[in-house]
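This report covers the fold of a protein and the surroundings of its ligands.

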Amino acid sequence: MSSTAAITLALSKGRIFDETLPLLRAAGIEVLEDPETSRKLILATSQPDVRVVLVRATDVPTYVQYGGADLGVTGLDTLIEHGSQGLYQPLDLAIARCRVSVAVRQDFDYASAVRQGSRLRVATKYVSIAREFFAAKGVHVDLIKLYGSMELAPLTGLADAIVDLVSTGSTLRANQLVEVERIMDISSRLVVNQASLKLKRVPIRRLIDAFAGATGSGNRAP
Ligand SMILES: Nc1ncnc2c1ncn2[C@@H]1O[C@H](COP(=O)(O)OP(=O)(O)OP(=O)(O)O)[C@@H](O)[C@H]1O
Ligand SMILES: O=P(O)(O)OC[C@H]1O[C@H](OP(=O)(O)OP(=O)(O)O)[C@H](O)[C@@H]1O
């Protein structure tokens with residue numbers, strides 16, 4: 001667990017970092033280093049008792065769960081796959097918005113495959129989300145776990161379909177794939193280590209309140 005005085009916030013480089021910056025600013029916190037130019041993984045902020053650690057997006061819930069960080073920002077997709085044990089989720093930050101969808105090649109007749117009860121080969125990084133979605137529909141699937149470049153799977157014959165994140169749809173279009181089902185809407189969540197919330201209640205509450213103010217109070221968890 002990080003020291004009781006300081007607050008450690010886990011972020012991933014790229015869109016989560018970029019889209020969290022305005023929320024930090026609203027809380028009066030400026031990050032003093034740019035992760036795109038610095039190789040540092042621990043970034044100081046304008047508040048001596050707040051620091052940012054940079055981790056892989058999929059590792060944010062792990063860091064927060066085990067106390068390597070007190071708080072973190074993570075996509076709902078990543079949170080569902082990781083599981084929420086040990087994590088308090090006070091806020092939907094309404095950033096990094098996208099959706100999880102099923103996509104297939106333009107020439108693949110998904111509706112008929114589903115209607116006929118064929119066994120679908122589905123490649124995805126989001127195995128839990130995909131398993132639950134197809135089980136609820138009563139569709140038999142063979143799930144193939146991938147860690148990236150999901151769009152390649154139907155193009156190379158590895159899979160009939162993919163379950164992946166879609167935002168503008170341009171990645172699907174660029175690879176001649178079409179979205180055939182929308183599984184769920186995604187945004188990023190603030191996650192907090194449950195022990196930290198007790199031990200560092202005042203500074204963490206202050207941060208949650210500032211983030212809540214910056215995102216709109218409608219996003220607050222009950
Ligand atoms: N195109 C997108 N538009 C909006 N939000 C997105 C988009 N792609 C991903 N996200 C959201 O941002 C989060 C982080 O995505 P990012 O691409 O930074 O990491 P990643 O490459 O998926 O993770 P890792 O490096 O751990 O494999 C995702 O979990 C998702 O919630
Ligand atoms: O519908 P679109 O607007 O094209 O966005 C969807 C793409 O965005 C994400 O990739 P990202 O841009 O994060 O690339 P990366 O996963 O390789 O970092 C996701 O994995 C999709 O491939």
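The text below takes up confidence, domains, sheets and ligand shells in turn.

The model is predicted. Its scores are ipTM 0.96 and pTM 0.95. Across the protein the pLDDT averages 94, and 95% of the residues score at least 70.

**Domains**

The domain assignment gives domain 1 (7-96 + 187-219) and domain 2 (98-185). Taken over C-alpha atoms, the centres of domain 1 and domain 2 are 30 Å apart. The contact between them involves four residues of domain 1 and six residues of domain 2. On the side of domain 1 that touches domain 2, the classes are two nonpolar, no polar and two charged residues.

**The six-stranded sheet**

An open sheet of six strands follows the order β2-β3-β1-β4-β11-β5, and its pairing is mixed. At the edges are β2 (42-44) and β5 (87-92), each of which pairs on one side only. Neighbouring strands of this sheet are turned against each other by 30° on average, direction ignored.

Within this sheet, strand β4 (residues 71-75) pairs with strand β11 (residues 188-193) in the antiparallel sense, over five bridges. In that pairing, G75 stands opposite S188 in β11. Helix α1 packs on the sheet, where it touches β1 (7-11), β4 and β11, and its direction makes about 130° with that of β1. Helix α9 (residues 201-215) lies across β1, β4, β5 and β11 and runs at about 30° to β5.

**The five-stranded sheet**

A second open sheet, of five strands, has the order β8-β7-β9-β6-β10, again with mixed pairing. Its edge strands β8 (141-145) and β10 (177-186) each have a single partner strand, so one side of each is left without a neighbour in the sheet. From one strand to the next, the twist averages 30°.

Strand β7 (residues 120-124) pairs with β8 in the parallel sense over five bridges. T124 has K145, in β8, as its bridge partner. Helix α5 (residues 127-137) lies across β6 (98-105), β7, β8, β9 (161-166) and β10, and runs at about 170° to β8.

The two strand pairs described above are set out here.

| Strand pair | Sense | Bridges | Residue pair |
|---|---|---|---|
| β4 and β11 | antiparallel | five bridges | G75 and S188 |
| β7 and β8 | parallel | five bridges | T124 and K145 |

**Ligand shells**

Which domains give residues to the shell around ligand 1? Domain 1 (7-96 + 187-219) and domain 2 (98-185) both do, so ligand 1 lies between them. The shell holds 17 residues, of which the closest are A57, T58, G75, C98 and S167. The elements that supply two or more residues to this shell are α1 (15-26) and α3 (76-82). By class, the shell around ligand 1 has six nonpolar, seven polar and four charged residues. One of the closest residues, G75, is also the residue that stands opposite S188 in β11.

Around ligand 2 are G148, D164, L165, V166, S167, T168, G169, S170 and T171. The elements that give two or more residues to this shell are β9 and α7 (170-174), and β9 gives the most, with three residues. The shell around ligand 2 divides into two nonpolar, six polar and one charged. S167 is among the residues around ligand 2 and is also one of the closest to ligand 1.

Methods. Residues are numbered from 1 along each chain as its sequence is written. Chains are lettered from A and ligands numbered from 1 in the order in which they are written. This is a predicted model: local features need pLDDT of at least 70, side-chain atom pairs count only at pLDDT 80 or more; totals for chains, interfaces and linings use all residues. A residue is near a molecule or strand if its C-beta atom, placed from the backbone, lies within 6 Å of it. Helices (H or I, at least four residues) and strands (E, at least two) are DSSP runs, numbered from the N terminus. Ala, Val, Leu, Ile, Met, Phe, Trp, Tyr, Cys and Pro count as nonpolar, Asp, Glu, Lys and Arg as charged, and the others, Gly among them, as polar. Domain bounds come from an automatic or database domain assignment. pLDDT is the predictor's confidence in each residue, from 0 to 100. Two strands pair if DSSP finds at least two bridges between them. Axes are lines fitted to C-alpha atoms, for helices over the stretch in contact, and angles run from 0 to 180 degrees between N-to-C directions. Two residues are in contact if their C-beta atoms, placed from the backbone, lie within 7 Å.
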